[in-house]
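Subject: Structure for your review

Dear colleague,

Please find below the structure that I am handing over to you. A short account of what was found in it follows.

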Amino acid sequence: MRSLAVFRPAIAGLAMLGAATTLSAAESPQRSITVTASGTVSIEPDQARVSTGVTAEGSTAREALTGNTSAMQKVIGELKSAGIDPKDIQTSSFRVEPRYTRPPEGQAPKIDGYSVTNEVHVLVRDLEKLGDILDRLVTAGANQQSGLSFEVSKAEEARDEARKQAVANARRRAELYASAAGAEVGEVLTITEGEAFMSPRPMFARAMKAEAVPIERGTETLEASVTITWALK
């Protein structure tokens, strides 16, 4: 009876030790590696956005507004006659501002007139017509040329190639790091896409000639980034 009493606590102790070992193994963190990488693709833009408009002045706000309205109607009419769809013409800014005199020092400025500015954003889908459109805008009376920028109409689809490159770059770096650490890359645990970028190449109208304005569209660089976590074996 005495030897049996000693044996039972020994069995209980072994059982507790086995349970503790199992619990410790279950709580041990999984080894993993996380890598962030990017990919890029260069593509020729196929459309452009133009910011243009008219500023008119007058001794009264009504006079300035009347002059601006007449000039702006000609500008918009010229855009439509050049083949721009009305849905691709959007008013971006409309301002009525007083014009002040420059009085001698010590005297308050006085209003001596008003200026009215009306600007639109125009989407040009056919870049072959862009130079001619810019020339026709100036001829029609547009005296505000805020800028010109190019873009890719199907940037999302084009960026897919950059995404593939980003994943491939991340995998290559993960395998490099894992190999250096004496491990192997296992299954993918998480994939997170980063913010997509496009490197724009804005161009501003400088000299307007009688002939079609020469325009160089260049290329756009689309970039994608991804963060991937792999299990390590």
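The protein chain has an average pLDDT of 85, and 81% of the residues score at least 70. Please note that this is a predicted model. Two stretches call for caution. Residues 1-17 have pLDDT under 50 throughout, and the model gives them zero contacts beyond four places in sequence. The description also holds for residues 19-25, where pLDDT stays under 50 and there are zero contacts beyond four places in sequence. Where pLDDT is low, the predicted coordinates should not be read in detail.

I turn next to strand S4, which spans residues 111-124. This strand is mostly covered, with 10 of its 14 residues buried. Strand S2 (residues 47-58) runs antiparallel to S4 and is joined to it by 11 bridges. Strand S3 (residues 89-100) also pairs with S4 in the antiparallel sense, over 11 bridges. Val-116 of S4 illustrates both pairings: Val-116 is the bridge partner of Ala-56, and Val-96 stands opposite Val-116.

Helix H3 covers residues 130-140. Its buried residues are Leu-130, Gly-131, Ile-133, Leu-134, Asp-135, Leu-137 and Ala-140. Among the elements that cover these buried residues are S2, S4, helix H2 (61-81) and strand S5 (144-151). S4 is thus a point of connection in this account, since S4 pairs with S2 and helps to cover H3. After H3 comes Gly-141, which has a positive phi, near 120°.

Yours sincerely

Key. Residues are numbered from 1 along each chain as its sequence is written. This is a predicted model: local features need pLDDT of at least 70, side-chain atom pairs count only at pLDDT 80 or more; totals for chains, interfaces and linings use all residues. Side-chain values use heavy atoms; hydrogens and water are left out. Buried means under 20% relative accessible area, exposed over 50%, partly exposed in between (1.4 Å probe, protein chains only). Helices (H or I, at least four residues) and strands (E, at least two) are DSSP runs, numbered from the N terminus. Two strands pair if DSSP finds at least two bridges between them. Contact means heavy atoms within 4.5 Å. pLDDT is the predictor's confidence in each residue, from 0 to 100.
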